[in-house]
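Thanks, everyone, for making the time. I would like to walk through one model with you, so please have a look at it before I go on.

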Amino acid sequence: GIRLNIKGGTYMINAYIIVALEITLFLCVSGSIALYLQIRKETKKLHHYWHLLYINLQARHTYLLKLIKTSDMFSKNTVTTLKTIIKDCQKAFGKTGIIQKELILNEQLGTLYNDIETHKTGHKKEVLIILDKLESLEFQIKTCGEYYNNAVIDFNIKTRQFPASLIAKLLGYSLANFIDDILPDKTSKHKKTSKKKHTRTH
């Protein structure tokens, strides 16, 4: 053992206990670091898929503006309203603000799709090209959103499991939210998709 003098007293500490304490401390620290890195990995996944989703949302704004500028099928009121909403979407800051504005846009897209359906014959070639691009963007937005929601599942599972939940709480991580509400529920062909429970996209 190791003999120590503390305030006039003599104490014996077994060297094995010291080694055991050092090993325990090392395991705790290394384990905490590993858990932190796992949480960071899941966080990066969330940021990655949100970034892809955001890019496609911005592209949709661009093509929607091209559509209402190129086509004469929309009413003046529809054009004015959509331009204002799209401008607000482009100015939105932060995930919450963007989602709120996109929700408003999605509601107005119903009017736009109805106008397209009413004038489904006689579209100009330029308009058809834009409509095809919008259909593609709708699909990409939905796909990116599904990947994001899957990442939300992984992140929330990781941050709720003990002991990772302790690390997440200490670092200020909170549960992530799904974004179903801003995902397209119609394509440019106006087909409604059935809502499904969250399943992983492979």
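I will take the overall layout and confidence, then the nonpolar cores, the charged pairs, and finally a surface patch.

Please keep in mind that this is a predicted model, with a mean pLDDT of 79 for the protein chain and 79% of its residues at 70 or more. Over residues 186–197 the pLDDT stays under 50, and for that stretch the model has 17 contacts beyond four places in sequence. Where pLDDT is low, the predicted coordinates should not be read in detail, and I will leave that segment aside.

The chain has five helices and two strands, and in sequence order the pattern is β-β-α-α-α-α-α. Of its 202 residues, 32% are buried, and among contacts between residues at least 6 apart in sequence, 74% join residues at least 24 apart.

Turning to the interior, the largest nonpolar core has 20 residues, and I39, L46, W50, L53 and Y148 are those with the most contacts inside it. Helices α1, α3, α4 and α5 each give two or more residues to this core. There is also a second, separate core of 19 residues, which includes L64, M73, I130 and L134.

Now to the charged pairs, where the count comes to four salt bridges, and I will discuss three. K45 pairs with E42, with the closest N and O atoms 3.3 Å apart; because these two residues are three apart in helix α1, about one helical turn separates them. Within that pair, E42 is buried at 12% relative accessibility, while K45 is partly exposed at 26%. K45 also meets D154 in a salt bridge, at 3.0 Å from N to O, and this pair links helix α1 to helix α4 across 109 residues of sequence.

The third is between E102 and R60, at 3.1 Å between the closest N and O atoms; since E102 lies in helix α3 and R60 in helix α1, the pair ties together parts 42 residues apart in sequence. E102 is buried, at 1% relative accessibility, and R60 is buried as well, with a relative accessible area of 1%. Through shared partners, salt bridges join E42, K45 and D154 into one network.

Which helix gives the most to the nonpolar patch on the surface? The patch consists of L25, V29, I33, Y36, L37, L170 and L171, with about 710 Å² of accessible area together, and helix α1, residues 15–70, gives the most, with five residues. V29 belongs to helix α1 and counts as partly exposed, at 45% relative accessibility.

Notes:
Residues numbered from 1 in each chain as written. Predicted model: local features only at pLDDT ≥ 70, side-chain atom pairs only at ≥ 80, totals over all residues. Heavy atoms only, no water. pLDDT = per-residue confidence, 0-100. Contact = heavy atoms within 4.5 Å. Patch = residues over 30% accessible without salt bridge, like charges linked within 9 Å, V, L, I, M, F, W, Y side chains within 5 Å. Areas by Shrake-Rupley, 256 points an atom, 1.4 Å probe, with all protein chains shown as cover. Salt bridge = Lys/Arg side-chain N within 4 Å of Asp/Glu carboxyl O. Helix = DSSP H or I, 4+ residues; strand = E, 2+ residues; numbered from the N terminus. Buried < 20%, exposed > 50% of the residue type's maximum accessible area, 1.4 Å probe, protein only. Core = buried A, V, L, I, M, F, W, Y, C linked by side-chain atoms within 4.5 Å.
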